[in-house]
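Hi everyone, thanks for making the time. Please have a look at the structure on the screen, and I'll walk you through a few parts of it.

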Amino acid sequence: MFINNFDPVAFQVFSLEIRWYSLAYIIGITLGWLYCKKKLIKDSLILQLFDDFITYLIIGIILGGRLGYTLFYNLKYYLENPIEILMVWNGGMSFHGALIGIIIASILFSKKHNTNSFIFLDLVALSAPIGIFFGRIANFINSELYGRATDLPWSVQFVLIDNIKRHPSQLYEAFFEGIILFFVLGYFFKKDYLRVPGKISALFLIFYSLFRFFIEFFRSPDPQIGYLVLNLTMGQLISVLFFMIGAYLLILKK
């Protein structure tokens, strides 16, 4: 068993606290940007536009992630405390909300520059596992999104939460949604799937949703929601929806 008592604050600069979660966003976006620029983008026009697209992407991630968490996971609380929607530093971001924000941002950017939005969405899909990996590691350090109780040898006790031995579900997600997904999509990139805009995006939705759905069986449900239809969590139900969208998109692109 491992004892998790990490400080969520990485370091301080005078009175400013720099948290691991903030560093995860910065590192993930920076490495994803470099990966796209140095490895993925072959078209000179897209290469020129990509730096401007990153601004849209960051706004989409932050607004989508926060509003998604508000709507999907804690609507009643934020309706009673609307000013706290702006307090992103207190935590509360939804991956699926961020994904919706990214899609909207990509569509708006592409319309502005008269390009196919799937070109940018495919690039985001290929590089997103990098950010997901660092984000889940930050979740583990922060003792959030922790797993269900277990007696397995690799269980973790999140002492900032309770004394129960739990699955390190954040690390499961970092491995499957980060590392494994990165190499799976990289395989399809090498098979020239970028040639048909949208196919990589469809595969991302399919594989991410599959990984997320099954790992949620090891993750504690959000306490304010609990279990829903068929004893599934909110994350699982949303993953089913996105899996269906990905499957439909893949059929269209074939």
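Let me begin with a question: does Asp192 count as buried, partly exposed or exposed? This is a predicted model, so please keep that in mind as we go. Asp192 counts as partly exposed, because its relative accessibility is 44%. You'll find Asp192 in the loop between H6 and H7. Its backbone deserves a look too: phi is near 65°, a positive value in a residue other than glycine.

Leu145 also has a positive phi, of about 55°, although it is not a glycine. Leu145 sits in the loop between H5 and strand S4, residues 156–158. With 27% relative accessibility, Leu145 counts as partly exposed.

Now to the helices. Take H5 and helix H6, which covers residues 169–190. Their axes are 8 Å apart, and the packing angle is about 170°. Angles over 145 degrees count as roughly antiparallel, and therefore H5 and H6 are described that way relative to each other. Who meets whom here? On the H5 side, the residues in contact include Leu126, Pro129, Ile130, Phe133 and Arg136. On the H6 side, they include Glu173, Ala174, Glu177, Leu181, Phe182 and Phe189. Sorted by class, this contact of H5 with H6 has 15 nonpolar, four polar and three charged residues.

Next along is H7, running from 199 to 215. H7 has 17 residues and reaches 24 Å from its first C-alpha to its last, close to the 24 Å expected at 1.5 Å a residue. H7 is mostly covered, with 14 of its 17 residues buried.

Past H7, in the loop that leads to H8, we come to Glu216. Is Glu216 buried or exposed? Glu216 counts as buried, because its relative accessibility is 4%. Leaving out residues up to four places away in sequence, Glu216 touches Arg148, Thr233, Gly235 and Gln236. Two of those names come back in a moment.

That brings us to H8, residues 234–253. Its 20 residues should span 28 Å at 1.5 Å a residue, and the end C-alpha atoms are 29 Å apart, which agrees. The buried residues of H8 are Gly235, Gln236, Ile238, Ser239, Phe242, Gly246, Leu249 and Leu250. Why do we say they share a side of H8? Because they cover an arc of only 150° around the axis, which puts them on the same side. What covers them includes helices H2, H4, H5 and H7. On the face of H8 turned away from that buried side, we have the exposed residues Met244, Tyr248, Ile251 and Leu252.

Let me finish in helix H4, with two residues. Ser106 is in H4, and Ser106 is buried, with a relative accessible area of 0%. Its contacts, not counting residues up to four places away in sequence, are Phe53, Ser117 and Leu121. Ile103 lies in H4 as well, but Ile103 counts as partly exposed, at 30% relative accessibility. And how far apart are Ile103 and Arg166 in space, C-alpha to C-alpha? They are 34 Å apart, with their positions 63 residues apart in sequence numbering.

That's my tour. Thanks for listening, and I'm happy to go back to any part of it.

Note on methods. Residues are numbered from 1 along each chain as its sequence is written. This is a predicted model: local features need pLDDT of at least 70, side-chain atom pairs count only at pLDDT 80 or more; totals for chains, interfaces and linings use all residues. Side-chain values use heavy atoms; hydrogens and water are left out. Helices (H or I, at least four residues) and strands (E, at least two) are DSSP runs, numbered from the N terminus. The expected span of a helix is 1.5 Å times one less than its number of residues. Buried means under 20% relative accessible area, exposed over 50%, partly exposed in between (1.4 Å probe, protein chains only). The arc is that of the directions from the helix axis to the C-beta atoms. Contact means heavy atoms within 4.5 Å. Axes are lines fitted to C-alpha atoms, for helices over the stretch in contact, and angles run from 0 to 180 degrees between N-to-C directions. Angles under 35 degrees count as roughly parallel, over 145 as roughly antiparallel, 65 to 115 as roughly perpendicular and the rest as oblique. Ala, Val, Leu, Ile, Met, Phe, Trp, Tyr, Cys and Pro count as nonpolar, Asp, Glu, Lys and Arg as charged, and the others, Gly among them, as polar.
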